[in-house]
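Here are three short exercises to work through with the model open beside you. Try each task before you read its solution.

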Amino acid sequence: MTNPVPIAEIWRGQLLESLHLGHAVVCDDSGQVVRSWGDPDAVIYPRSSAKMIQALPLITSGAAEKFGLTSEQLALACASHNGAEIHTSRVNSWLTQLGLTDSDFRCGPQLPNDIPARNGLIKTDTSPCQVHNNCSGKHAGFLTLAQHMGAGPEYVEMDHPVQQACLTAFEETTEQDSPCFGIDGCSAPNFATTVTGLARSMAWFASASDRSDRSSSAAQQLVAAMTTHPDLVAGETRACTNLMRAMDGKVAIKTGAEAVFIAIIPEKRLGVALKIVDGATRASECAIAAILVSLGVLDANHPETLKYMNTPIRSRRGIEAGIVRPATELLF
């Protein structure tokens with residue numbers, strides 16, 4: 001067991017002003033750790049970075065095929081979206097397809113992160129709905145699976161067949177028993193695992209084309225959906241969308257609350273997971289960019305990379321005052 005290590009640094013002038021510590025792991029297609037920083041056995045909640053795992057039963061159960069779900073809908077099932085019109089219109093159409101309404105969701109309302117959508121609600125004095133919740137796509141997937149199973153409406157309860165199916169998928173792909181669960185911001189259970197377990201799961205997704213079983217086929221469909229529709233997985237201005245575009249759809253990445261980030265790299269059969277212990281998103285975005293650069297799948301000088309790694313800190317007059325950069329230990 002080791003302590004968290006420096007992951008991201010914030011310099012202002014000649015002074016190291018702030019330092020973010022964390023853990024990170026890279027696993028190969030055999031599930032073995034090929035590189036780690038900090039404590040690979042640190043137990044974490046993956047939060048929204050694990051949505052593709054939660055979406056596996058949607059496909060393996062036959063529900064996706066039965067309802068004729070598109071790659072856009074599969075991308076939304078893995079999404080933490082901005083609540084923009086491109087997200088909410090598609091999720092509302094999905095609800096209509098199921099014969100359901102916003103009241104059937106159990107994720108709760110959320111003010112959209114998308115500025116035009118937010119301003120539209122404010123100008124019309126309209127309250128946000130549950131479809132605006134960044135997890136509404138995942139919950140549409142839960143509702144689809146619940147209908148397919150003939151299960152009850154309280155699909156976020158831990159003993160519900162939907163969540164039991166998610167737990168089984170989680171433990172099978174991480175190859176670890178989950179020691180506990182917490183309630184995520186969208187009210188669904190979130191299963192704990194180690195940083196290694198999460199990276200191992202992502203490597204399992206990355207190497208899915210090497211296998212011919214139903215679960216691996218489902219994994220390939222979800223990764224393809226994410227990389228084909230990066231705008232649906234997050235949205236404009238977001239690191240997930242911007243960096244997936246910068247890698248030309250060759251890598252799937254996904255953030256989670258409290259500074260978790262994962263990457264699925266099919267061409268290298270590698271999975272990445274990281275956690276910043278203080279929960280700072282600027283550090284997790286910097287760290288995932290640095291690891292992807294080091295693995296040779298992201299250009300260090302790409303304009304999108306420079307939004308998160310080696311990023312200038314500017315004064316309100318635009319004067320360069322500092323920099324956000326990865327710690328030396330993170331580069332290899």
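A disulfide is a pair of cysteine sulfur atoms within 2.5 Å. Keep in mind that this is a predicted model.

**Exercise 1.** Work out how many disulfides there are by this rule.

*Solution.* The count comes to 0 disulfides. Start with Cys27: the nearest cysteine sulfur belongs to Cys240 and is 20 Å away, and Cys27 is in no disulfide. Next take Cys286, whose closest cysteine sulfur, also in Cys240, is 15 Å off, so a bond is ruled out by distance. As for accessibility, Cys27 is buried at 0% relative accessible area, and Cys286 is buried at 0% too.

**Exercise 2.** Find how many aromatic pairs there are, and classify the pair of Phe142 and Tyr155.

*Solution.* There are 3 aromatic pairs. For Phe142 and Tyr155, the ring centres are 5.9 Å apart and the planes make 55 degrees, so this pair is tilted. Phe142 sits in helix α6 and Tyr155 in the loop between α6 and α7, so the pair ties together parts 13 residues apart in sequence. Both rings belong to buried residues: Phe142 has 2% relative accessibility and Tyr155 has 0%.

**Exercise 3.** Place Leu306 and say which residues it is in contact with, beyond its neighbours within four places in sequence.

*Solution.* First, Leu306 lies in the loop between α12 and β11. Its relative accessible area is 35%, so Leu306 is partly exposed. Finally, with those sequence neighbours set aside, Leu306 is in contact with Ala300, Asn301 and Thr311.

Note on methods:
Residues are numbered from 1 along each chain as its sequence is written. This is a predicted model: local features need pLDDT of at least 70, side-chain atom pairs count only at pLDDT 80 or more; totals for chains, interfaces and linings use all residues. Side-chain values use heavy atoms; hydrogens and water are left out. Buried means under 20% relative accessible area, exposed over 50%, partly exposed in between (1.4 Å probe, protein chains only). Helices (H or I, at least four residues) and strands (E, at least two) are DSSP runs, numbered from the N terminus. Contact means heavy atoms within 4.5 Å. Rings of Phe, Tyr and Trp (its six-membered ring) pair if their centres lie within 6.5 Å; planes under 30 degrees apart count as stacked, over 60 as edge-to-face and the rest as tilted.
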